Structure formats: C-alpha cells, structure tokens
Amino acid sequence: MTTQENTPEATAPCAEHTPRMNMAGQVPEVYKAIVALEIASKKGLDPLLVELVKIRASQLNHCAFCLDMHSKDALAAGESVQRIVQLSAWEESRHFYTEREVAAIELTEAVTVLTDGFVPDDVYERAAKQFDEKELAQLIAVIATINVWNRVAVTTRMVPGHYTPGMYNH
C-alpha cells in the first residue's frame, strides 16, 4: 500500500511562481537610481556586516529573493552558515556576533519595523557607541536601501533561487 508521502506529487517541489513585472525594464531610471543608492550606501562599511544587515531586514520583510541573494553573497564573502542561520534568532544567539554587529542588527530591526513610529533612543544610542557618525550614517543608508529593494522584490514577486554571487556587481 502506497502512502501519499511516497507519491511523485508529494516529493516533487512546488512550482516556481511567476514574477509580476520586470521593474528595471519598466522604469530603468528608477532602477539605476536605486543601484546608485546601493553603491553609495555601503562605502566604508565592512562587507560582511552589510550582508548581515541585508539578510536581517530581508527576513523581517519576508523577501525571499533578497534572502537568497544576500545569503549567497555572505557565504561567498566568507560568512559562516551558522551565523546566517542564527540571524533570525540573534537575541538568543548573541554570542555568535560582535557587539558592533548586534548594534547594527538591532538598528536594522528598529528602522525596518517602524510599528511604534520611531527608532527608540536606546537602540540608536547603542549603535552610535559602536559606529562613528559617518559609519552610522552609512549604516542607516544601507538599512534604508535594503528596505527599498525588499519592497520592490516582494511587490513584483521576484523569483528566488537563480542568483549567483556577484551576478549584479553593485
């Protein structure tokens, strides 16, 4: 007797969804502006820190495309699988991260999820203790930029799984 779990339908992956639109093709000047913001935002920051921030914001925004991209980029840059996996539960696994990374992750959450309408002073102050003013400005720009990308990718239903590290080189 065959159970449902052994049928080809039960073991086959779900079908890939179809993107709603190619935003870059529809409004190339907007896409180019976001790419320029992306390039400018991360100047001077540690690339692994930037990837952790992008992954955490993408987790919060449920952006599968950006999670795929930035997890792959982080791994290619030398980040560990363990730190990427633990990022969604960073508060319980703080010991995997530096105080600087924790401050960046905490700020990422506060900027990404503005349910209280503001970034709490204590979160901002902890980040300000870990980053000089220029670095903090860059970090805020990185967080804002990944939130733009997340909203574009989620709204247009960009398909995860096809990205290779460095594919876009920005």
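Okay, let's start right at Leu139. Setting aside neighbours within four places in sequence, Leu139 is in contact with Leu45, Val53, Ala104, Leu107 and Phe131. One thing to keep in mind as I go: this is a predicted model. Leu139 lies in helix H9, and with 1% relative accessibility it counts as buried, since the cut-off for that word is under 20%. Now take one of those partners, Val53. Along the sequence Leu139 and Val53 are 86 residues apart, yet C-alpha to C-alpha they are 8.7 Å apart in space.

Stay in H9 and slide along to Val142, which is also found in that helix. Val142 is buried too, with a relative accessible area of 1%. What does Val142 touch, not counting residues up to four places away in sequence? The list is Ser41, Lys42, Leu45, Val50, Val53 and Lys54. Ser41 is a nice one to look at: Val142 and Ser41 are 101 residues apart along the chain, and their C-alpha atoms are separated by 5.1 Å.

Then there's Ile143. Leaving out residues up to four places away in sequence, Ile143 touches Val53, Leu107, Thr108, Val111 and Thr112. If you've been keeping track, Val53 has now turned up in the contacts of Leu139, of Val142 and of Ile143.

That takes us to the core. The largest nonpolar core has 16 residues, and the ones that touch the most other members are Val53, Ala104, Leu107, Phe131, Leu136, Leu139 and Ile143. Which helices supply at least two residues each? Those are helix H4, residues 47–60, helix H7, residues 99–112, helix H8, residues 121–130, and H9. H7 gives the most, with five residues. There's also a second, separate core of 12 residues, and it includes Ile34, Cys63, Phe65 and Trp149. Hold on to Phe65 and Trp149, I'll come back to them.

Before that, a quick stop at Arg56, in helix H4. Buried or exposed? Arg56 counts as buried, at 9% relative accessibility. Around Arg56, if you ignore neighbours within four places in sequence, the contacts are Leu87, Ser88, Trp90, Ile105, Thr108 and Glu109. Thr108 is one we've met already, as a residue that Ile143 touches.

Right, helix packing. Two packed helices are described by the angle between their axes and the distance between the axes. The pair I picked is helix H5, residues 64–76, and helix H9, residues 133–156: their axes come within 8 Å and cross at roughly 130°. That makes H5 and H9 oblique to each other, because the angle falls outside the ranges for roughly parallel, roughly antiparallel and roughly perpendicular. On the H5 side you have Phe65, Cys66 and His70, and they meet Ile146, Trp149, Asn150 and Ala153 in H9. So what's the character of that contact? The residues divide into five nonpolar, two polar and no charged. And there are Phe65 and Trp149 again, on the two sides of this contact and both members of the second core.

Two backbone oddities next. Most residues other than glycine have a negative phi. His62 isn't a glycine, but its phi is positive, about 55°. You'll find His62 in the loop between H4 and H5, and at 66% relative accessibility His62 counts as exposed. The other one is Arg157, again a residue other than glycine, with a positive phi near 60°. Arg157 sits in the segment after H9, and its relative accessible area of 33% makes it partly exposed.

Let me zoom out to finish. How many helices and how many strands does the protein chain have? Nine helices and zero strands, so reading from the N terminus on, every element comes up as α. The C-alpha atoms fill a box of roughly 65 × 40 × 35 Å, taken along the principal axes. The protein chain has 170 residues, and 37% of them count as buried. About 10,000 Å² is exposed, and carbon and sulfur atoms supply 57% of that. And for contacts with a separation of 6 or more, 71% come from residues 24 or more positions apart. The Val142 and Ser41 pair, 101 residues apart along the chain, is the example I'd pull up on screen.

Methods: Residues are numbered from 1 along each chain as its sequence is written. This is a predicted model: local features need pLDDT of at least 70, side-chain atom pairs count only at pLDDT 80 or more; totals for chains, interfaces and linings use all residues. Side-chain values use heavy atoms; hydrogens and water are left out. Axes are lines fitted to C-alpha atoms, for helices over the stretch in contact, and angles run from 0 to 180 degrees between N-to-C directions. Helices (H or I, at least four residues) and strands (E, at least two) are DSSP runs, numbered from the N terminus. Angles under 35 degrees count as roughly parallel, over 145 as roughly antiparallel, 65 to 115 as roughly perpendicular and the rest as oblique. Contact means heavy atoms within 4.5 Å. Ala, Val, Leu, Ile, Met, Phe, Trp, Tyr, Cys and Pro count as nonpolar, Asp, Glu, Lys and Arg as charged, and the others, Gly among them, as polar. Buried means under 20% relative accessible area, exposed over 50%, partly exposed in between (1.4 Å probe, protein chains only). Accessible areas come from the Shrake-Rupley method with a 1.4 Å probe; for residues, only the protein chains shown count as cover. A nonpolar core is a set of buried Ala, Val, Leu, Ile, Met, Phe, Trp, Tyr and Cys residues joined through side-chain atoms within 4.5 Å.
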